[in-house]
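This report looks at selected sites in one protein model. Please have the sequence and the 3D view open while reading.

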Amino acid sequence: MEEQYEKEIVIETDFLKKNEQCANDIENLFKANQINAYDIMGSIGAGKTSLIIELVKKLKDKHNIYAIAGDLTTDIDAERIKEAGADVKQINTGKECHLDTTTIKNTLQDINLKEIDILFVENVGNLICPADYRLGTKKRIVVIAITEGPYMVLKHPYTFLSADIVVINKIDLSPYVGVEPDDLEKDLHKVNPKATVFQCSCRNREGIDALLKELLPEFRY
Ligand code: MG
Ligand code: ZN
């Protein structure tokens with residue numbers, strides 16, 4: 001039994017090492033093509049797609065935007081993002097619960113990278129394993145909704161630890177669910193003092209401009 005576990009751990013470490021090397025390759029590819037790329041993680045229903053849509057709407061007139069939408073089986077998100085004004089590639093991962101660099105690298109081969117300014121990668125809805133797989137993006141964003149309850153940050157420390165930016169979404173619903181965005185923000189600062197936190201409502205478009213300024217300070221909108 002013990003030997004089997006050891007083997008599993010070795011394989012897992014190999015996977016992660018390979019992913020890390022591949023993430024560096026992808027990062028260089030983005031840099032060479034001057035692409036600002038962002039990986040977006042969060043649970044199902046947190047508002048990852050809605051956030052991408054609001055950002056696309058604000059940026060599409062001046063920038064070429066591409067999105068890679070990871071989902072187990074549907075193309076619902078890809079269709080919504082396309083409607084907002086970005087080119088989209090849907091990746092159905094089947095039973096895989098996260099995106100990895102091999103998948104991203106293969107997808108990038110089909111895209112004319114020279115034509116893209118901004119790339120959003122929507123990870124599979126899941127707050128656990130995507131954190132282990134860096135994708136070579138410039139920044140990692142984690143979206144958490146106020147409706148997910150008061151303990152999400154403390155219960156998923158690794159995901160939030162891997163974030164550069166955290167978006168607390170659906171703050172307009174705070175009075176109805178009794179969860180304070182400021183309390184979540186305090187937890188976030190405890191878990192990951194380096195992450196920049198934004199309180200947003202994609203529905204009311206609150207906080208989106210502030211987030212945009214953080215993402216692309218060098219761009220004009
Ligand atoms: Mg989505
Ligand atoms: Zn996974």
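## The zinc site

His 98 and Cys 129 are both buried, in a model that is predicted. Each has a relative accessible area under 20%, because that is the cut-off for the word buried. The two residues also share a ligand: the zinc ion (ligand 2) is coordinated by His 98 through ND1 and by Cys 129 through SG, together with the SG atom of Cys 97. The coordination distances run from 2.0 to 2.2 Å.

Along the chain, the donors of the zinc ion (ligand 2) follow the spacing C-H-x30-C. His 98 sits in the loop between strand S3 (87-92) and helix H4 (101-109), while Cys 129 sits in the loop between strand S4 (118-122) and strand S5 (139-145), so this pair ties together parts that are 31 residues apart in sequence.

## The magnesium site

The magnesium ion (ligand 1) has three coordinating residues: Thr 49 (OG1), Asp 77 (OD) and Glu 122 (OE). Their distances to the ion are 2.0 to 2.2 Å. In sequence, these donors are spaced T-x27-D-x44-E.

Thr 49 belongs to helix H2 (residues 48-59) and Asp 77 to helix H3 (residues 76-84), so the pair ties together parts that are 28 residues apart in sequence. Both Thr 49 and Asp 77 are buried.

## How helices H2 and H3 pack

Two packed helices are described by the angle between their axes and the distance between the axes. For H2 and H3, the axes come within 9 Å and cross at roughly 15°. Angles under 35 degrees count as roughly parallel, and H2 and H3 are therefore roughly parallel to each other. Their crossing is right-handed.

On the H2 side, the contact is made by Thr 49, Ser 50, Ile 52, Ile 53, Val 56 and Lys 57. On the H3 side, Asp 77, Arg 80, Ile 81 and Ala 84 take part. Sorted by class, the contact of H2 with H3 has five nonpolar, two polar and three charged residues. Thr 49 and Asp 77 appear in this contact and also as donors to the magnesium ion (ligand 1).

## Asp 187 in helix H8

Where is Asp 187 found? Asp 187 is part of helix H8, which covers residues 181-191. Its relative accessible area is 10%, so Asp 187 is buried.

Setting aside neighbours within four places in sequence, Asp 187 is in contact with Pro 150, Val 153 and Leu 154.

Notes: Residues are numbered from 1 along each chain as its sequence is written. Chains are lettered from A and ligands numbered from 1 in the order in which they are written. This is a predicted model: local features need pLDDT of at least 70, side-chain atom pairs count only at pLDDT 80 or more; totals for chains, interfaces and linings use all residues. Side-chain values use heavy atoms; hydrogens and water are left out. Donors are N, O and S atoms within 2.8 Å of the metal (3.2 Å for Na, K and Ca); water is not among the atoms, so sites may look incomplete. Helices (H or I, at least four residues) and strands (E, at least two) are DSSP runs, numbered from the N terminus. Buried means under 20% relative accessible area, exposed over 50%, partly exposed in between (1.4 Å probe, protein chains only). Axes are lines fitted to C-alpha atoms, for helices over the stretch in contact, and angles run from 0 to 180 degrees between N-to-C directions. Angles under 35 degrees count as roughly parallel, over 145 as roughly antiparallel, 65 to 115 as roughly perpendicular and the rest as oblique. A crossing is left-handed if the near helix is turned anticlockwise from the far one by less than a right angle, and right-handed if clockwise. Contact means heavy atoms within 4.5 Å. Ala, Val, Leu, Ile, Met, Phe, Trp, Tyr, Cys and Pro count as nonpolar, Asp, Glu, Lys and Arg as charged, and the others, Gly among them, as polar.
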